[in-house]
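I sat down with this model today and kept a few notes as I went. Here is what I looked up, in the order I looked it up.

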Amino acid sequence: MTTLSTTLAKRLEDSRLFRQYAYVNGKWTHGEGGREEAVYDPATNDTIGHIPLLEAAQITAAVDAADAAFVQWRALRADERCERLLAWYDLIQANREDLATIMTLEQGKPLPDARGEVEYGASFVRWFAEEGKRTYGETIPSHIPNASLGTIKEPVGIVAMITPWNFPLAMITRKAAAALAAGCPVIVKPANETPFSALALAELAERAGIPAGIFNVVLGDPAEVSKILCAESRIRALSFTGSTRVGRLLIEQSAHTVKRLSLELGGNAPFIVGPDMDPKQAAYAAIDAKFQTAGQDCLAANRILVHESIHDEFVEQFSQRMAALTVGNGLHGEIDLGPLIHRQAVEKAAAIVDDAVSKGATMIGGDQSKAPGENFFMPVLLTGVTAKMKVWREENFAPVAGITAYSTDDEVIEMANDTEYGLAAYVYTHDIRRIWKLMRALEYGMVSVNSVKMTGPPVPFGGVKQSGLGREGGATGIDEYLETKYYCLGALGSASGS
Ligand SMILES: NC(=O)c1ccc[n+]([C@@H]2O[C@H](COP(=O)([O-])OP(=O)(O)OC[C@H]3O[C@@H](n4cnc5c(N)ncnc54)[C@H](O)[C@@H]3O)[C@@H](O)[C@H]2O)c1
Ligand SMILES: N[C@@H](CC=O)C(=O)O
């Protein structure tokens, strides 16, 4: 294995965006115990660089720094915080190309998708910079004589953020921009697979004038760091994006300090196609909804449920289109699918396909002898999937799509809801009665009708059931980081009481 650090730094217009340290209290920090971990390019398995694994005392030092910095950050006027966030937004946009290169190298997604994620991530910073100016309280008609009642919104306090590797930049900004705008300091623990995007964001936050101690990036053994963050009573809120398995652990670990929790967890999206749809149009949409980020997307359309009258034609169109997808290194040329994050993800995908085939599914595509490297997985369509198969029950997080036919709306609603997850569902039909019926009956936090794209800063993103708690983005996304303080101003003499 070769070390790419020097090559990567040379590839960037601004090599200072590539940092191999943690960022605590405005300083680039080594691990005091000398422990470190390599970070790999999933397309080649080359080492991109190394990160320090911080010791427990260093994590606590990050909390001390955030605690000290909180006083001044919360005291700024909202428009002053807005100015800094807009400066951060401008810097992210100005450095889009470098940020995308770093992301493709550590995550593997095709460069155009990485550029798209940088824009997407930046859009949350601009949105929340403005929303911070609108954290209104309310006036309450008083039931107490001579009193005035109302509420004000205050920052919740220090927020810990634990984020995944599939969207290494946007999953940070969607949380951090909201918390910063609300007046909270943040401590981010990114996934160890993709730390460099987070560290580049820290460099840009510093340049934007976000003070020391307000935006920290800690690195370490994930279980070790998370335990410390959860046990710390000065950390008042924990915002996590990742698997339902780890989300459950964090709920347990945060119980002792009774933290405010925002959890964006796994998904297992159904993609429902009505009998009135053009099979080709619907199949192409399903391809987009399934294979972005090589299927490693919480919104990936895993279970495609097609009306029996158009099922065969849909499968034909889907298969042809899938066969034309290009798989390769995201840095090179026009690529549709990059690698999976590591070898274990490839093994998990293969096991899910084997399980389905052994239980009667038919496999289309998926000739793994054509995979351009050991972390790549050629896309697979499984037809005739049933609820007994892993491809139905588990979030596969790979380019593996399962299809089955249904005959009635009631049947497809039952199929779609037959999962512990409830993040997003897609519905393709032009029949307004069917749209309404499905939209109301689907047990999902988000339902997208005739559109693959559903996310962005103005919308409340989040799931029901075991897909999570709370919403990110939108007008309510900032509430995750605000407390409502009720006040009663009594004995006001002549106050009317109303
Ligand atoms: N709902 C959403 O908005 C959304 C968005 C992106 C990803 N996701 C979900 O994220 C998952 C994929 O990401 P992932 O593999 O990085 O998830 P993951 O749960 O394995 O890891 C997420 C984060 O938790 C940390 N972590 C891992 N093990 C831990 C432990 N034992 N204790 C504490 N922290 C630990 C990781 O280092 C990482 O920072 C999928 O389930 C996907 O659906 C959800
Ligand atoms: N695609 C999602 C991230 C899920 O993995 C988003 O847009 O937020």
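**Entry 1: the ligand shell.** I began with the residues around ligand 1 and asked which element gives the largest share of the shell; α8 does, with 3 residues. I should say at once that this is a predicted model. I then listed the elements that each supply at least two shell residues, and found α6 (170-182), α8 (222-231), β10 (235-241) and α9 (244-254). By character, I sorted the shell into 16 nonpolar, 8 polar and 4 charged residues.

**Entry 2: who comes nearest.** The shell holds 28 residues, and I noted Thr163, Trp165, Ser243, Leu265 and Glu395 as the ones that come nearest to ligand 1. Thr163 deserved a second look: one of its backbone N or O atoms lies 2.7 Å from an oxygen atom of the ligand. From Lys189, a polar side-chain atom lies 3.0 Å from an oxygen atom of ligand 1. At Gly242, a polar backbone atom is 3.4 Å from a ligand oxygen. I also checked how much of the ligand is covered: on its own ligand 1 exposes 840 Å², and the protein buries 89% of that.

**Entry 3: the sheet of 7 strands.** I traced an open sheet with mixed pairing and wrote down its order as β14-β15-β16-β13-β12-β17-β18. Its edges are β14 (362-365) and β18 (446-449); each has a single partner strand, so one side of each is left without a neighbour in the sheet. I looked up the turn between neighbouring strands here, and it averages 20°, direction ignored.

At the β14 edge, I counted 4 bridges to β15 (residues 380-383), and the two strands run antiparallel. I picked out one position there: Gly365 stands opposite Val380 in β15.

Next I asked which strands helix α10 (residues 279-291) lies across, and got β12 (269-273), β13 (301-307), β15, β16 (400-406) and β17 (424-428). The helix runs at about 175° to β12.

**Entry 4: the sheet of 3 strands.** I moved on to another open sheet, ordered β5-β6-β20, with antiparallel pairing. Here β5 (138-140) and β20 (482-489) are the edge strands, each pairing on one side only. Neighbouring strands of this sheet are turned by 25° against each other on average, direction ignored.

How many bridges join β6 (residues 148-155) to β20? I found 8, with the strands running antiparallel. My last note for the day is that Pro155 stands opposite Leu482 in β20.

Methods:
Residues numbered from 1 in each chain as written. Chains lettered and ligands numbered in written order. Predicted model: local features only at pLDDT ≥ 70, side-chain atom pairs only at ≥ 80, totals over all residues. Heavy atoms only, no water. Near = heavy atom within 4 Å. Polar contact = N/O pair within 3.5 Å; in protein donor to acceptor, adjacent residues only side chain to side chain. Areas by Shrake-Rupley, 256 points an atom, 1.4 Å probe, with all protein chains shown as cover. Nonpolar A, V, L, I, M, F, W, Y, C, P; charged D, E, K, R; others polar. Pairing = 2+ DSSP bridges. Axes fitted to C-alpha atoms, helices over the stretch in contact; angles between N-to-C directions. Contact = heavy atoms within 4.5 Å.
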